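The following exercises ask the reader to work through a structure in steps. Each task is followed by a full solution.

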Amino acid sequence: MKSLKWLNNNLEETLMGISLWAIVLIMGLQVVMRYVFKQSISWSEEMSRYFFIWFTFLGISYAVHNNSHIRLDIIEQFVPALKKPLEYIGDLFFLLFCAYMIKPGITVIYFLKNSNQLSPAMQFPMLFVYAALWIGLLLTIVRLIQKYYLKIKGRQVMEKEAEQSW
């Protein structure tokens, strides 16, 4: 149970940290190789790009989990009573968009699996690069559902506590 709680709280953050550290180390190695040893690493830029892609799509889920994604809130500033309804509507549209993008993501992954396309420098299967979109969207859907499940559950717990206090 503790491991599930840890995964719930730290999955995206840990994977994003690993990706960021990998980018820093690979690009740092490339700088040292280029300016100190006068040699270049052919795969460093490509691998850094792929880590950045994974970092980005995991970041979407991370932002939903922490409720820290960017929102346009100009209407909410002028009419504060619309803050909650607009948040629900925005999250609903975001959920629908993520759900809609799952099918094209599966189509692309299926195509790449059958074509055995490889990356130019590393000869790495492109399937794993494009899987970042699909996994990021799935995690985002899970986080959006989790967000509202916890809101509903929390509301029910608060209502029960209020009933018991009477």
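The exercises below concern a predicted model and take up salt bridges, helices, a pocket and two loop residues.

**Exercise 1. A salt bridge inside a helix**

Task: Determine how the side chains of arginine 49 and glutamate 45 meet, and where both residues lie.

Solution.
Step 1. The two side chains form a salt bridge, with an N to O distance of 2.6 Å. This value satisfies the criterion, which asks for a Lys or Arg side-chain nitrogen within 4 Å of a carboxyl oxygen of Asp or Glu.
Step 2. Both arginine 49 and glutamate 45 belong to helix 2, which covers residues 44-65. They are 4 residues apart, about one turn of the helix.
Step 3. The spacing can be read against a general rule: an α-helix has 3.6 residues a turn, so residues three or four places apart point the same way.
Step 4. Arginine 49 is partly exposed, because its relative accessibility is 38%. Glutamate 45 is also classed as partly exposed, at 44%.

**Exercise 2. Salt bridges between helices**

Task: Which parts of the chain are linked by the pair glutamate 87 and lysine 151, and which by lysine 147 and aspartate 91?

Solution.
Step 1. Glutamate 87 and lysine 151 meet through their side chains in a salt bridge of 3.3 Å, N to O. This pair links distant parts of the chain, since glutamate 87 is in helix 4 (residues 83-115) and lysine 151 in helix 5 (residues 126-165), 64 residues apart.
Step 2. With a relative accessible area of 8%, glutamate 87 is buried, whereas lysine 151, at 24%, is partly exposed. The cut-off that separates these classes is 20%.
Step 3. A salt bridge of 2.7 Å, N to O, joins the side chains of lysine 147 and aspartate 91. Lysine 147 lies in helix 5 and aspartate 91 in helix 4, so this pair ties together parts that are 56 residues apart in sequence.
Step 4. Lysine 147 counts as buried at 12% relative accessibility, and aspartate 91 counts as buried at 2%.
Step 5. The residues of both pairs take part in a network of salt bridges that links Arg71, Lys84, Glu87, Asp91, Lys147 and Lys151. A search of the whole structure finds 7 salt bridges.

**Exercise 3. The course of two helices**

Task: What are the spans of helix 1 and helix 2, and where is the kink in each?

Solution.
Step 1. Helix 1 (residues 2-35) has 34 residues and reaches 47 Å from its first C-alpha to its last, close to the expected 50 Å.
Step 2. A kink of about 60° in helix 1 is centred on asparagine 10. Asparagine 10 is also buried, as are other residues of helix 1, including Glu12, Met16 and Ile23.
Step 3. Helix 2 has 22 residues and a reach of 31 Å between its first and last C-alpha, close to the 32 Å expected.
Step 4. The kink in helix 2 is about 25° and is centred on glycine 59. Glycine 59 is among the buried residues of helix 2, which also include Tyr50 and Leu58.

**Exercise 4. The largest pocket**

Task: Establish the volume of the largest pocket and the origin and class of its lining.

Solution.
Step 1. The largest pocket holds about 150 Å³ of space.
Step 2. Its lining consists of Met47, Tyr50, Phe51, Trp54, Met122, Phe124, Phe128 and Val129. Helix 2 and helix 5 are the elements that give two or more residues to this lining.
Step 3. Helix 2 supplies the largest share, 4 residues.
Step 4. By class, the lining has 8 nonpolar residues, with no polar and no charged ones.

**Exercise 5. Positive phi in two loops**

Task: Where are asparagine 67 and asparagine 116 placed, and are they buried, partly exposed or exposed?

Solution.
Step 1. Asparagine 67, just after helix 2, takes a positive phi of about 50°. Its place is in the loop between helix 2 and helix 3 (74-78).
Step 2. Asparagine 67 is partly exposed, with a relative accessible area of 43%.
Step 3. Asparagine 116 has a phi near 55°, a positive value in a residue other than glycine. The loop that holds asparagine 116 runs between helix 4 and helix 5.
Step 4. Asparagine 116 is exposed, because its relative accessible area is 57% and the class begins over 50%.

Technical notes: Residues are numbered from 1 along each chain as its sequence is written. This is a predicted model: local features need pLDDT of at least 70, side-chain atom pairs count only at pLDDT 80 or more; totals for chains, interfaces and linings use all residues. Side-chain values use heavy atoms; hydrogens and water are left out. Buried means under 20% relative accessible area, exposed over 50%, partly exposed in between (1.4 Å probe, protein chains only). On a 1 Å grid over the protein atoms alone, a cavity is a set of points where a 1.4 Å probe fits but cannot get out, and a pocket is an open set with protein on both sides within 12 Å along at least five of seven lines; lining residues have an atom within 4 Å of a point. Grid points are joined across faces, edges and corners, and a volume is the space filled by probe spheres set on the points. Ala, Val, Leu, Ile, Met, Phe, Trp, Tyr, Cys and Pro count as nonpolar, Asp, Glu, Lys and Arg as charged, and the others, Gly among them, as polar. The expected span of a helix is 1.5 Å times one less than its number of residues. The bend at a residue is the angle between axes fitted to the seven residues ending there and the seven starting there.
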